[in-house]
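Student: I would like a close look at a single part of this model. Please take one sheet, go through it strand by strand, and then set it in its surroundings.

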Amino acid sequence: MLYRISPLVAYTVFFRGAFGSWYAISETLKRTIPLLLVGSGLALAFRAQVLNIGAEGQILFGAVAATWVALFLSPPAGVTLLVMFLLGFLAGAGWALIPAFLKTRFAVNEVLSSLMLNYVAFNVVLYLIAGPWKGKSVRGFTYTDTFPESAWLGTLGMTKVPYFTLFSGIVVAILGYYFLKKTAWGFELRIVGNSPDTARLLGISEERVIFLTMMLSGGLAGFAGVGEVAGIHHLLRHPSHISLGYGYTAIIVAWLARANPLATLLTAFLLGALISGGDALRVSLGIPFQVVSVFNGLILFFLIATERFGHYRVSVRRKVKG
Amino acid sequence: MMGEIILSTMNRSLVYAAPLLLATLGEIYAERAGVLNLGVEGMMMVGALSGFIAAYSTANPWFGVLVGGVVGGLFSLIHAFASVTLRANQTVSGLALTLLGTGLAGTLGRGWEGKMLAVPIRSLPEEVFRSCPGVVRMLFKDTNVLALLGVVFAVTLWFFLFKTRPGLWLRSCGENPAASDALGVNVWAVRYGAIFFGGIMAGLGGAYIAIAYRPSWSSGMTQGMGWLAVALTIFSFWNPLYALVGAYLFGALFHLAFRLQVWIAPEILNSLPYLFPVIALVFVSRFAFRKKIGVPAGLGKPYERGTSE
Amino acid sequence: MEMDDVVMEETPGTNAGEGSGVEVAFRSVTKRFPPHIIANDRVSFEIERGTVHALLGENGAGKSTLMNILYGLLQPDEGEILVRGRSVTIPSPQKAIALGIGMVHQHFKLIPTHTVAENIILGLPSVPFFFPAKREIRHIVELSERYGLRVDPRARVWQLSAGEKQKMEILKALYRRANILILDEPTSVLTPQEVEELFTTLRAMKGEGKTCIFITHKLNEVMAVADRVTVMRYGKVKATLRPSETSSQELAQMMVGKKVIAVVPRRYTSREMVLRLENVWVMGDRDFPALLDVSLTVSQGEIVGVAGVAGNGQRELAEIVTGLRKVKQGRLFLGEKEITHLTPREIASLGVAYIPEERHLGLVGSMSVAENLIFRTYDRPPFSQGFLVDWGKVEAHTERLISDYHIYPPFPALPVKLLSGGNRQRVLLARELERNPRLVIASNPTAGLDVAGVEAIHELLLKAQEKGAGILLISGDLDELLKLANRIVVLFRGGIIGEREREQWTEDDRRDIGLMMGGVKR
């Protein structure tokens with residue numbers, strides 16, 4: 001077959017890479033964390049029909065803010081991480097505010113604007129690591145100096161899994177679920193998402209829902225970005241290493257969960273496994289990492305196809321009712 | 001001096017903007033028929049890779065262009081099936097197509113990474129323009145046939161869309177598929193055709209980059225140009241002639257940004273191509289919203305016989 | 001029920017000179033919508049060539065269903081259709097067009113951004129490839145002159161009035177060489193003058209041997225233009241006869257059965273004002289004034305009917321009172337409180353209920369009955385304590401409303417889109433009226449419902465009136481207004497052209513209001 005590798009071997013490598021050992025599972029968990037944080041935020045946005053495709057850039061802005069705190073602001077060691085996560089959340093939310101503002105004020109399609117801003121964020125990080133923030137001790141490489149240890153997240157046992165963000169991800173998914181289900185704001189969000197025209201008639205502010213969901217999903221992406229640099233890299237480096245396309249994969253996490261934050265607990269783990277399995281394919285067999293995008297695309301197509309078949313059943317039943 | 005800068009900018013814009021123009025023209029047709037296709041980036045990537053491989057293996061660049069177009073068209077049928085036959089959410093289906101296309105091109109193109117094309121599409125020899133005045137000679141210096149074809153395409157497609165019977169049918173499907181269907185227009189066929197055509201054009205655009213503009217292969221070589229095409233479609237009010245103007249305007253801006261590298265960091269300048277469309281969309285969306293023009297009324301809405309209205 | 005059936009013995013061909021045979025014949029056509037509805041029950045009658053044939057009946061009598069079958073939009077379960085003597089099956093509108101059948105729908109199927117000519121030629125492979133619209137203009141102009149259908153073929157459709165759009169739709173059918181033209185309630189969007197023009201066109205078509213089938217529930221139109229009339233009720237044909245051989249009274253009797261039409265509006269005593277508009281000006285969607293200097297009051301316990309042909313400012317009136325549209329000039333008061341610049345939400349919370357014309361806007365189909373019922377109250381006690389919604393209380397509330405308003409099927413968790421039209425409207429009214437509003441804005445609240453559904457909605461409105469709500473009832477159905485309203489104002493081109501107040505409405509009132517709807521001051 002392709003690359004002259006038998007599919008069986010590829011599957012084996014893939015599953016070993018995702019679940020085959022404690023190390024593999026920890027690698028999967030490591031990827032699950034950002035997907036969970038970003039995915040549950042996007043679930044809220046998608047539920048409101050706000051299509052935030054800019055999570056990738058929002059992750060990077062969170063990472064940038066965290067790096068600034070760790071390397072340049074240097075707050076007292078005890079609160080460094082706190083300030084990093086706070087500012088990281090705000091940076092992601094702020095970056096997401098741009099498409100929200102453009103959509104509410106100028107009716108600019110948020111898919112395009114948020115996506116374009118990903119490329120801008122990508123270049124901003126490149127600029128920082130090659131220019132003003134380039135580390136003093138790194139010579140020819142383009143990344144920043146390493147963070148002081150007060151800006152490092154603790155990890156579970158011997159693994160590289162930062163427990164704070166793992167815990168946060170789980171809490172966020174559960175809170176997101178209760179927000180939708182139990183709160184008045186969540187109720188408004190669902191009305192806007194299901195029928196913006198009805199919401200307008202009821203006097204529910206669509207603008208507020210757009211801003212709220214953009215800020216929450218962007219903020220959580222920023223939070224995830226902080227987790228990546230503080231928990232795993234401990235410096236700011238090439239943007240495609242900080243985020244392995246988490247912002248795009250999280251779209252599928254949220255969609256696969258049918259925009260239900262609680263279900264992202266499962267779907268984030270599945271797609272985390274997909275990424276670590278894909279990584280194993282790259283390392284052992286030399287299959288490019290983009291194979292993950294192929295899987296993502298196929299999953300998404302499969303998903304919308306089955307959604308429609310489900311819809312057929314409903315419509316048939318309704319016709320029978322008359 | 002000033003005139004020279006302007007001329008050379010226009011000249012480079014002609015070459016740089018050609019793939020953007022081709023992809024935009026295709027997207028205009030798809031959206032005029034009522035189907036939003038956010039998969040342009042993916043279609044361009046598969047078009048670029050397949051075109052490059054074909055041109056590399058046969059040493060015939062024109063064969064490569066042909067293959068790029070056909071593969072782009074075939075690839076777009078996935079979106080057609082999802083959005084027209086299954087009536088799925090067009091935004092998600094388009095995103096999936098982009099993920100699939102960029103992923104496939106990256107995965108399958110691994111072995112070709114960094115390879116150069118020995119026989120690319122060459123620039124037109126200067127003799128062609130020998131009898132022309134100096135201005136024309138400067139304008140078309142180092143351009144190629146494919147880039148110039150973009151202009152022809154734009155004018156032809158404008159004429160077809162607004163002045164012919166099939167063009168009328170196509171626009172009608174985008175405005176009101178239910179009414180078109182009731183009058184005997186085959187909405188299904190028109191939408192499939194428009195998406196397929198959009199795929200061919202995006203594939204051609206991708207192939208142009210890999211065969212004429214670069215000419216080499218690297219994954220990610222379209223650099224988000226597919227997304228620019230989607231933005232430019234809105235910017236041009238779904239009109240091929242405006243797309244011509246818009247594409248060259250973008251092309252000129254890119255080229256100017258490139259020239260500024262002496263003073264400004266390249267990373268910052270590299271962001272500009274993505275900021276321009278956002279800013280352009282601000283003005284255009286506002287204008288279009290106020291005038292209520294342009295947007296095909298049925299855009300993005302799946303059509304199902306007997307349910308609408 | 002079967003007693004008042006009138007059976008007219010009539011065989012085609014016996015009326016020499018009027019037509020030359022049967023154009024369309026229905027033989028035992030039956031159409032069911034499971035589980036309970038039989039829309040057409042063994043329908044049999046004949047339509048003669050070169051006549052105007054009226055199909056008379058109330059909403060839900062099965063007229064439109066039958067015509068949709070003839071036009072290929074629906075398939076009959078049983079029975080046979082003969083066109084010019086030959087038995088045909090019509091699986092699609094395309095087949096109907098090929099058989100020479102054209103239809104002008106009640107809701108026009110057109111493309112607003114295209115020109116009239118482009119709309120007319122759309123879908124025909126026979127028109128020229130290049131410049132199709134331009135090259136067919138002469139043909140279109142010729143047709144429009146022949147049948148008195150004056151409309152500019154180069155105009156964009158969104159610029160046309162409803163009457164002109166209808167002319168275009170008729171041209172569309174004639175352009176396709178229709179011999180049989182079906183018109184579904186063609187006069188509902190027209191002024192009296194335009195109705196006259198339409199009748200002239202129908203007579204011209206008849207003169208050329210074309211056959212027109214004309215769905216209506218208006219007796220005077222039948223008397224004015226039809227050569228034959230078939231009366232339908234509850235899916236059955238009651239009779240086919242000549243208007244000249246019968247009377248309006250007899251037709252009305254057949255159409256509605258023994259039902260009493262006139263209900264005396266309930267009297268109200270209070271003179272306390274709930275709504276007052278003072279010299280209000282409003283802009284419409286196309287930057288034209290939609291309401292010009294309108295002043296209007298509604299008192300407690302009063303039903304004020306707003307009559308008028310659709311598109312004369314009714315929608316804008318409903319939208320400014322509910323805060324959905326900005327007022328350009330003038331002031332609005334709810335009781336003593338000025339509401340001119342309040343938001344929709346603030347106005348709603350002051351006790352204004354709204355039954356919008358576009359029913360799908362009032363409810364969210366994919367959300368449950370329970371959720372739809374708290375759209376106005378989810379953020380306040382008892383359903384909301386601080387930030388959290390108490391779904392236990394919502395459930396109890398829903399179950400009470402389901403039984404009070406007879407919502408069927410009685411499942412709180414059922415998505416609203418799975419309910420029938422009438423039950424959806426009950427959900428909407430339950431939500432809006434349950435708050436004991438001071439003012440109810442109802443815009444065509446019964447359009448498209450069956451007879452039982454209409455009755456139920458009327459009952460609910462009258463009950464709200466009894467409880468003291470002022471009701472602004474905007475309706476295109478004059479009979480509905482005459483049945484319910486204490487006072488009727490007539491909107492014409494954005495202004496109030498006339499006003500009547502009665503304890504008992506008479507036929508003279510009906511005539512005068514009808515004239516005012518057409519712009520004639522009385």
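Tutor: **A four-stranded sheet in chain C**

Start with the sheet itself. Four strands of chain C form an open sheet in the order β12-β11-β14-β15, and their pairing is antiparallel. Two of these strands sit at the edges: β12 (289-299) and β15 (337-338) of chain C, each with pairing on one side only. The model is a predicted one.

Why can such strands hold to one another? Strands of a sheet pair through backbone hydrogen bonds, in either the parallel or the antiparallel sense.

Now take one pair. Strand β11 of chain C covers residues 273-283 and is joined to β12(C) by seven bridges. The two strands run antiparallel. For a landmark in the structure view, find C:Leu275: C:Val298 in β12(C) stands opposite this residue.

Next comes the helix. Helix α9 of chain C, residues 314-321, lies across β11, β12 and β14 (329-334) of chain C. Helix α9(C) runs at about 120° to β11(C).

Where does this part belong in the chain? The domain assignment of chain C places residues 261-351 together with 440-522 in domain 3. Domain 1 takes 1-100, 180-190 and 210-253, domain 2 takes 106-178, and domain 4 takes 362-434. Domain 2 of chain C and domain 4 of chain C have C-alpha centres 46 Å apart.

Chain C holds another open sheet of four strands, and it is worth setting beside the one above. Its order is β2-β1-β4-β5 (chain C), with antiparallel pairing. The edge strands here are β2 (37-48) and β5 (86-88) of chain C, each pairing on one side only. Direction ignored, neighbouring strands of this sheet are turned by 25° against each other on average.

Inside that sheet, look at strand β1 (residues 22-33) and strand β4 (residues 78-83) of chain C. They run antiparallel and are joined by five bridges. C:Thr30 faces a charged partner, since its opposite residue in β4(C) is C:Glu78. Helix α1 (residues 63-70) of chain C packs on this sheet and touches β1, β2 and β4 of chain C. The direction of α1(C) makes about 115° with that of β1(C).

A hairpin is also worth a stop. Strand β9 (residues 228-233) and strand β10 (residues 236-241) of chain C pair in the antiparallel sense over five bridges. The bridge partner of C:Met232 in β10(C) is C:Val237. Two residues lie between the strands of this hairpin, and C:Tyr234 takes a positive phi near 45°.

Step back to the whole of chain C. Its secondary structure comes to 17 helices and 22 strands. The radius of gyration is 25 Å, close to the 24 Å that the globule rule gives for 522 residues, so chain C is as compact as a globular protein of that length. Its C-alpha atoms fill a box of roughly 75 × 50 × 50 Å along the principal axes. Of its 522 residues, 46% count as buried. Take the contacts in chain C between residues at least 6 apart in sequence: 70% of them join residues at least 24 apart.

Chain C also touches chain A. The contact takes 24 residues from chain C and 15 residues from chain A. On the chain C side, α10 (344-349), α11 (359-362) and β18 (388-389) each give two or more residues. The largest share, three residues, comes from α10(C). By class, the chain C side divides into 18 nonpolar, four polar and two charged residues.

The partner is built from other elements. Chain A has 13 helices and zero strands. Its radius of gyration is 20 Å, close to the 20 Å that the globule rule gives for 322 residues, so chain A is as compact as a globular protein of that length. The C-alpha trace of chain A spans about 75 × 50 × 35 Å along its principal axes. Of the 322 residues of chain A, 58% count as buried.

Chain A meets chain B as well. There, 36 residues of chain A are in contact with 40 residues of chain B. Helices α4 (80-106), α5 (110-130), α11 (246-256) and α13 (291-321) of chain A each supply at least two residues of the chain A side. That side has 27 nonpolar, seven polar and two charged residues.

Methods: Residues are numbered from 1 along each chain as its sequence is written. Chains are lettered from A and ligands numbered from 1 in the order in which they are written. This is a predicted model: local features need pLDDT of at least 70, side-chain atom pairs count only at pLDDT 80 or more; totals for chains, interfaces and linings use all residues. The radius of gyration is taken over C-alpha atoms; the globule rule is 2.2 Å times the number of residues to the power 0.38. A residue is buried if 20 or more other C-beta atoms lie within 10 Å of its own, exposed if 12 or fewer, and partly exposed in between; C-beta atoms are placed from the backbone. Two residues are in contact if their C-beta atoms, placed from the backbone, lie within 7 Å. Domain bounds come from an automatic or database domain assignment. Two strands pair if DSSP finds at least two bridges between them. Axes are lines fitted to C-alpha atoms, for helices over the stretch in contact, and angles run from 0 to 180 degrees between N-to-C directions.
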